[in-house]
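Load the model in a viewer and keep the sequence panel open. The stops below are given in the order in which to select them.

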Amino acid sequence: MNENTESTLDPNEDDLPLMANAGYMLVRHYVLDLTVNFDRKVINSTIVLFLEANQEHKKAPHSVGTGCCPSSQALSETEQPGPSCNPIARAAACSSVDKICNLSEHIGNSVTTVNSCNHSNKEWASGISGTREHCSDGADFELVLDCCDLVVNKVEEVNVIAAAGIEKLIRVDMPKSENGIYSQRLQSDVQRNVVEDILGLAAECWQEQHHYYLQCSQAPGCGELQFQTDMWSLKIKKPGVQTPQDFPRVLRICYETKPEGGSVRWTKDQSGRPCVYTAGSPINNRALFPCQEPPEAMATWQASVWAPKGSLVLMSGENCAEPNHNGALSNWFYYVTMLMPASTFTIAVGYWVEVKPECTFRPQIHSTSSSSSTSTNTSSVSLPSCGHPAYPCRFQNTTAQAQDCIPFRVFAPDCLKLRSQEILFPLVARCLAAAHCVLGTHPFSRVDVLMVPASFSSLGMASPHIIFLSQSVLSGEKHLCGVRLCHEIAHAWFGLAIGARDWTEEWISEGFATYLEDVFWANAQKLSEEAAKEQQQLKSMLRWRRLQDELQNSEEELQVLRPNKESTGEVSDSGATIVKHGLNPGKTFMQVHYLKGYFFLHYLENRVGQKAFLKFFRLFVERFHGQLILSQDFLHMFMANFSELRSQGLSMEAIYQNWLDVAGLPKPFVDDTLKWTENRLVCEVQDEVAKWTKFNKKDRKGTSKRKRNDMVTFKELLPDQLVLLLELLFAVKSLSSRTLHWLQKHYCLREQDAEVRHRWCELVIKHKHTVAYGDLINFLEQDQAMGVYLYGELMVNEDAKQQQLVHRCFTKLQEEMDPSLQKVVAEMIL
């Protein structure tokens, strides 16, 4: 990526830049101190970065310690490194410009935003003088961090030598002056050596390591650094320092988020209480904290979060934090020891309540015959060591290997507590146990499940130790909730424990999760092999219809699973790169990578059989957990494991040419879809469609008298069958109001899950069924993540009443809508 990338990018249309020069320096650990201010909708923050120079000035894998720690156990509450007990003392490390961080101002008071240091592209801030100076044309090294919509107040070097308890890491042979003070020339060497010793601690010493991180983060500053912010980055330099090796190793950045920042969503929950959560937006976390966004820049973190007393703080952390109260604020402390990309850092703060069961469910493993070969607690192949940089790894922990259901909690707004207790809570343990039955060791030690506000932009989102679910999954019976929960649980393995080294290869995460949701859900339902296959084929039929529609209505460029082709995974020498189409708001609502990736995996499964394929999945997880992969990593191992496929004409080149590097789908696969029409569940739907079509024809003849014995007996259908029924009826040119009335009444469509109700709304729109417009309005308000397609259909219909309905709904909801959804809908209707 050249130097002019920033000036040529169109933030509305072009690719998303990942600006951090992680190829020169890597952030190895973040210590965050966040204070949530609901009144101003900002987070006042300090963040301390622990850096490591790349000796070869190019992107290279980093490692810590000496290998995995097989004996590591869960950290007890008394062993956890804790936050500073006094928020005012913690904030004292920042200068007077940081008095905005004074916590007494955070509750109920108005605080003036300090933005005088939000410098333009052409000006530099001198941290020493507090004035702006032009950057010289010298060769000083710049640390570049990904940053957007942050008010950066100060950047300073941290004097780790002054940290409490750090003396034992200072080498005794370092010369001092007569008064016992290190010379200025040697001080930087001492600081560097101390940080290297902390970073070099072995995995089994992670508690000691985290303690040192925390102590160093609270040390005073030893000189402010020059910094510059632009649209996408924060650039930091120390005059006279020309190489990464000589750059400070510990930095403190004092900053404040902006209410409009794209990384966090300030809104209200379904009970009308304020809340904020990370949005999972295309710009990831760069509007929450300065960080390194390239996927390979993996790090660990600790976070101390101050929030109004009575609120709840959930975060991607390995511990179940309990609050410490300090006046009007409560403090929550979380940490992770597993190296993760900064984009996976997730936080949610609000007034949710914990959902607890009326009776405790004890999970049991139930294997379908299709996955029985993978139901043991131990790996079928014992690996000598893990392939990732060292951290306390659960895959090498015998206790974790046997843990079919990890500890979990469920949280929801008070008004959804009973519904969550009835629908969601009983499913979590069953779905976790089903996932363990198929893939083995859970990558993470615990999980929280949170019902997020109605404005959430999708049905779910998975992050380390926390899953967000839309309220839409609570509609109907347990089917949609179970399926979506299985999808998000699958991301613990594919998307989190195993990530994509190139973010354009979304199918590595979403295609795998879509494939595995069927396997997990069938296992959780204890279905027989035959019943599981019938259910999967019905889902394939539905997904095939959806994918056909997406392929017809999307640019070919967006249909390619490996958009960068031969350049996949390549970055500049600095480590900076781009995410193709990352800033396209419409891409958020596309499912091509989900669906096409799903069908590609089924294509491979059909070549080797499901039992062998799922067994291979477990081997792949054992080999690549904790690492970032490209498509070719998966394919190389697949072809090596099933070498007989080469003699059958399957090759890596053929896979690239037919599946990954082209738009659309291979014609031979399209021909195979005909077998789905022979599925028993599909045939039942087709029979019911014929009955409804006949019923509709009789009604349209205008018969004035209808005898009771003329009424047709319709069969009860499963939720996925109902979805297919409504889709097939959508193809009927005209359905009478009476047919639509009886259709809704017979299947109680208003009480069905969101997938079924979405198809019902499509029929209401097409046939201008005005008596059901209330169903349509309710769907747009309560199921916002799925409503985007309905806005388009309402506008295309060119009906005055429908367009008035659109504008009323949009006017009412636009302030609370997810920004991406708001933008897409606005383009449709304005």
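The tour goes from the whole chain to a sheet, then to a helix and two single residues.

**Whole chain**

Start with everything shown, and keep in mind that this is a predicted model. The protein chain has 830 residues, 60% of which count as buried. Its secondary structure amounts to 23 helices and 26 strands. Among contacts in the protein chain with a separation of 6 or more, 77% join residues 24 or more positions apart. Switch on the surface: the accessible area is about 33,300 Å², and carbon and sulfur atoms make up 49% of that.

**Confidence**

Colour by pLDDT next. The average for the protein chain is 84, and 82% of the residues score at least 70. Two stretches should be set apart before going on. Select residues 1-12, where pLDDT stays under 50 and the model has 21 contacts beyond four places in sequence. Then select residues 83-136, where pLDDT again stays under 50; here the model has 117 contacts beyond four places in sequence.

**The four-stranded sheet**

Select strands E12, E13, E18 and E15. In that order they form an open sheet with antiparallel pairing. Which strands stand at the edges? They are E12 (264-268) and E15 (312-315); each has a single partner strand, so one side of each lacks a neighbour in the sheet. From one strand to the next, the twist averages 10 degrees.

Take the E12 end. E12 pairs with E13 (residues 274-278) in the antiparallel sense, over five bridges. Show the side chain of Trp266 and look across to E13, where Val276 stands opposite.

Move to the other edge, at E15. Its partner is E18 (residues 347-350), again antiparallel, with four bridges between the two strands. Select Leu314 and find its bridge partner in E18, Ala348. Are the residues on the two faces of E15 buried or exposed? Leu312 and Leu314 on one side are buried, as are Val313 and Met315 on the other, and both faces are thus covered.

**Helix H10**

Select residues 592-608, which make up helix H10. What span should its 17 residues have at 1.5 Å a residue? The expected value is 24 Å, and the end C-alpha atoms are 24 Å apart, which agrees. Now colour the helix by relative accessible area. Of the 17 residues of H10, 13 are buried, so the helix is largely enclosed by the rest of the structure. Step one residue past the end of the helix: Gly609, just after H10, takes a positive phi of about 95 degrees.

**Arg192 in H3**

Go to helix H3 (residues 184-199) and pick out Arg192. Its relative accessible area is 15%, under the 20% cut-off, so Arg192 counts as buried. To see what lies around this side of the helix, leave out the neighbours within four places in sequence; Arg192 is then in contact with Gln245, Asp246 and Arg249.

**Gly792 in H21**

For the last stop, select helix H21 (residues 788-796) and find Gly792 within it. Gly792 has a relative accessible area of 17% and is buried. Add Met828 to the selection. How many residues separate Gly792 and Met828 in sequence? They are 36 residues apart in sequence, while their C-alpha atoms are 6.3 Å apart in space.

Conventions: Residues numbered from 1 in each chain as written. Predicted model: local features only at pLDDT ≥ 70, side-chain atom pairs only at ≥ 80, totals over all residues. Heavy atoms only, no water. Expected span 1.5 Å × (residues − 1). Buried < 20%, exposed > 50% of the residue type's maximum accessible area, 1.4 Å probe, protein only. pLDDT = per-residue confidence, 0-100. Contact = heavy atoms within 4.5 Å. Pairing = 2+ DSSP bridges. Axes fitted to C-alpha atoms, helices over the stretch in contact; angles between N-to-C directions. Areas by Shrake-Rupley, 256 points an atom, 1.4 Å probe, with all protein chains shown as cover.
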